[in-house]
Protein chains: 2
Amino acid sequence: MFENSENTKIENQGKSKLIKNILSAIEKNNKTFVVPPGDDAAIIPFIKNKQIVLASNTLVEDVNFDIIYTPLKHLGYKSITTSISNIYAMNATPEYILVNIAFSNKYTMEAIEELYSGINLACNKYKILLAGGDTNTAPKGLTISVSVVGSVNLKNYVLRSTCQKGDLLCVSGDLGGAYMGFHLLEREKRIFMENKNFKPDIEAYNYIIERQLKPEARKDIIELFDSKSIKPTSMTDLSNGLADGMRKIAEQSKVGFDIYENKLPIDNQTLQLASEMNLDATMCILSGGEDYELLFTISQNDYEKIKSNIDITVIGYATAETGICSLITPNGTKTEIKTIN
Amino acid sequence: MFENSENTKIENQGKSKLIKNILSAIEKNNKTFVVPPGDDAAIIPFIKNKQIVLASNTLVEDVNFDIIYTPLKHLGYKSITTSISNIYAMNATPEYILVNIAFSNKYTMEAIEELYSGINLACNKYKILLAGGDTNTAPKGLTISVSVVGSVNLKNYVLRSTCQKGDLLCVSGDLGGAYMGFHLLEREKRIFMENKNFKPDIEAYNYIIERQLKPEARKDIIELFDSKSIKPTSMTDLSNGLADGMRKIAEQSKVGFDIYENKLPIDNQTLQLASEMNLDATMCILSGGEDYELLFTISQNDYEKIKSNIDITVIGYATAETGICSLITPNGTKTEIKTIN
């Protein structure tokens, strides 16, 4: 990051060679294709008695990422994890992906292969297969559009709309980190743009930078639900902040939520940088996006099953106040959380 | 086309209202969802004993289309037909689509709704359902990325790689029209850019303009195969010209092709405009893309089943000369057709 280098232009090798390189670089895992990518379409076998789950997600340069501080390998990885996160949010399993990219001629062959090395890494880690896609030129920038095909048993999928009053509101991991990572990278970029010899010293904030640049999807939480026989009563993933996630479940389930400020999970690096930048940590959690944690509700009867898990925090509960989400501060003050939808 | 108008900026109404408008505008046909779009992912039921076919396609402004002469409704329609064409090319049936769009602020609310009205029209005509997607802002231009989920019986799908020596090479419809339509629109655009009061008179070329702006996918040909119990021995769709399509089948099937110049199907408008523009009509057919016709081979035993069909033309046959495609002129001269892959 913060570097430029001279490399091979795509024109020199041609698009079909690029596609061949990409396909051969994608390691096959133990799932098989009926017809692998390379024909007009791929054909995948499907598992009996499973329903098909579909979602997609697009990342656009200078809207969703800044190439100045985003390593392409991380970007490839993130394009996959942020897409499959939607599938986990249904309590389902991602199986295959289609990746469409459009890129300008500022991207070299090596750059696109680097992007695909991150895609490959995520595919291997999450045990999903690249089933095809499209590479295209663009007059400007880079756009990555990922569609995911997943599977789920009819009795297992979890919606946003099925939370009941009294259910416990839980969140995985910690919140606000990706948002503070973004602010840190933007600050360092501004300094770098003024002085190109500047070498940012951001070691102390490695965790939140990784939260921003290379987020994971919470496959482990879905596996935990399975192993503990928990079926959340509702669920979504946090791409636009906690307030937005709560609003989605509250509106679609026709409930409200009361959450406790002192229960909100936050990492020390997030807290420290927020303080350094004079930002309110709670605001970062409520409004800061891109954590890709799971926000879900469980029946009170399931509390015993999760209470000792350090990676899940109960932050509040569902109320009968349809669509109203409130924050309760340590001193007991209750304030409604407003969001713009 | 060739017009500007003042309309509503997206910012005025917000993205989620746009998505609601889009979803409600998409008419539901008789297929159902397990979970319709509107949650983190859509869930679709799947048909027993069918395999799943996946393909995707991206259209980028100023690479794949020019907004000066492309009505957005047509563009939406084309984004679907060009994507599902890949599924038909497997002898399969498209069922669901995911549409991801990224657009700059030059596009108004009305413009994006116009785009979706074309998407809706194609979905209704081809009996496919919009299962979700993503709308995103972009610093510049418009990118439309469509992923298609189709279905096929194991015994029915057709590959590029299974043609045998002696099989007959056939093509649906006529060729070169979309390419000549493109040249006509580009010519009229140049005149329009010099004189904004210019009203192009292109009535005489309506057919080839429609071939360029609003191509159809050959669902009817797949239905014909079914009704006549024909299983092509190989197939692809023509997105980059006849030469490219032949090369794909020839290389993957390890055969060659001899085709006859005087058998190539061409419409009168294509022929007339090629002559007017001093272009060689055969070159337009071989190299001109975007016809989205089906190129396929059949066993000689199936010839009787298609010979009276005016929409299918036998243009040649497969030879043992692996990877070599040749054109035979009316006077008997045989020339190898070279393509850049």
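User: How do the two copies meet, through which surface on each of them?
Analyst: In this predicted model, 100% of the interface residues of chain A are also interface residues in chain B, so the copies meet through the same surface.

User: And how many residues does each chain bring to that contact?
Analyst: Chain A contributes 51 residues to the contact, and chain B likewise contributes 51 residues. On the side of chain A that touches chain B, the elements giving two or more residues include the strands β1 (42-44), β2 (50-60) and β3 (93-103), as well as the helix α2 (72-88).

User: Which element gives the most there?
Analyst: That is β2(A), which gives 9 residues to the side of chain A that touches chain B.

User: What kinds of residues make up that side, in terms of nonpolar, polar and charged?
Analyst: The side of chain A that touches chain B divides into 27 nonpolar residues, 17 polar ones and 7 charged ones.

User: Which strand of chain B does β1(A) pair with?
Analyst: β1(A) pairs with strand β2 (residues 50-60) of chain B, in the antiparallel sense and over 3 bridges. Within β2(B), the residue B:Val53 stands opposite A:Ile43.

User: What rotation puts chain A on chain B?
Analyst: A rotation of 180°, with 0.0 Å of shift along its axis, superposes chain A on chain B with an RMSD of 0.0 Å. That is the relation of a two-fold axis.

User: Switching topic, how many helices and strands does chain A have?
Analyst: The secondary structure of chain A comes to 10 helices and 12 strands. Seven of the strands form an open sheet with mixed pairing, in the order β7-β9-β6-β10-β8-β11-β12.

User: Which strands sit at the edges of that sheet?
Analyst: The edge strands are β7 and β12 (334-336) of chain A, each of which pairs on one side only. On average, and ignoring direction, neighbouring strands of this sheet are turned by 25° against each other.

User: What about β6 and β9, how many bridges join them?
Analyst: Strand β6 (residues 168-172) and strand β9 (residues 294-298) of chain A run antiparallel and are joined by 4 bridges. One residue to look at is A:Val171, whose bridge partner in β9(A) is A:Leu295.

User: Last thing: what is the radius of gyration of chain A, and what would a compact globule have?
Analyst: Chain A has a radius of gyration of 21 Å, which agrees with the value near 20 Å that a compact globule of 341 residues would have. Of those 341 residues, 51% count as buried.

Terms used
Residues are numbered from 1 along each chain as its sequence is written. Chains are lettered from A and ligands numbered from 1 in the order in which they are written. This is a predicted model: local features need pLDDT of at least 70, side-chain atom pairs count only at pLDDT 80 or more; totals for chains, interfaces and linings use all residues. The radius of gyration is taken over C-alpha atoms; the globule rule is 2.2 Å times the number of residues to the power 0.38. A residue is buried if 20 or more other C-beta atoms lie within 10 Å of its own, exposed if 12 or fewer, and partly exposed in between; C-beta atoms are placed from the backbone. Copies are superposed by least squares on the C-alpha atoms of residues with pLDDT of at least 70 in both. Two residues are in contact if their C-beta atoms, placed from the backbone, lie within 7 Å. Ala, Val, Leu, Ile, Met, Phe, Trp, Tyr, Cys and Pro count as nonpolar, Asp, Glu, Lys and Arg as charged, and the others, Gly among them, as polar. Two strands pair if DSSP finds at least two bridges between them. Axes are lines fitted to C-alpha atoms, for helices over the stretch in contact, and angles run from 0 to 180 degrees between N-to-C directions.
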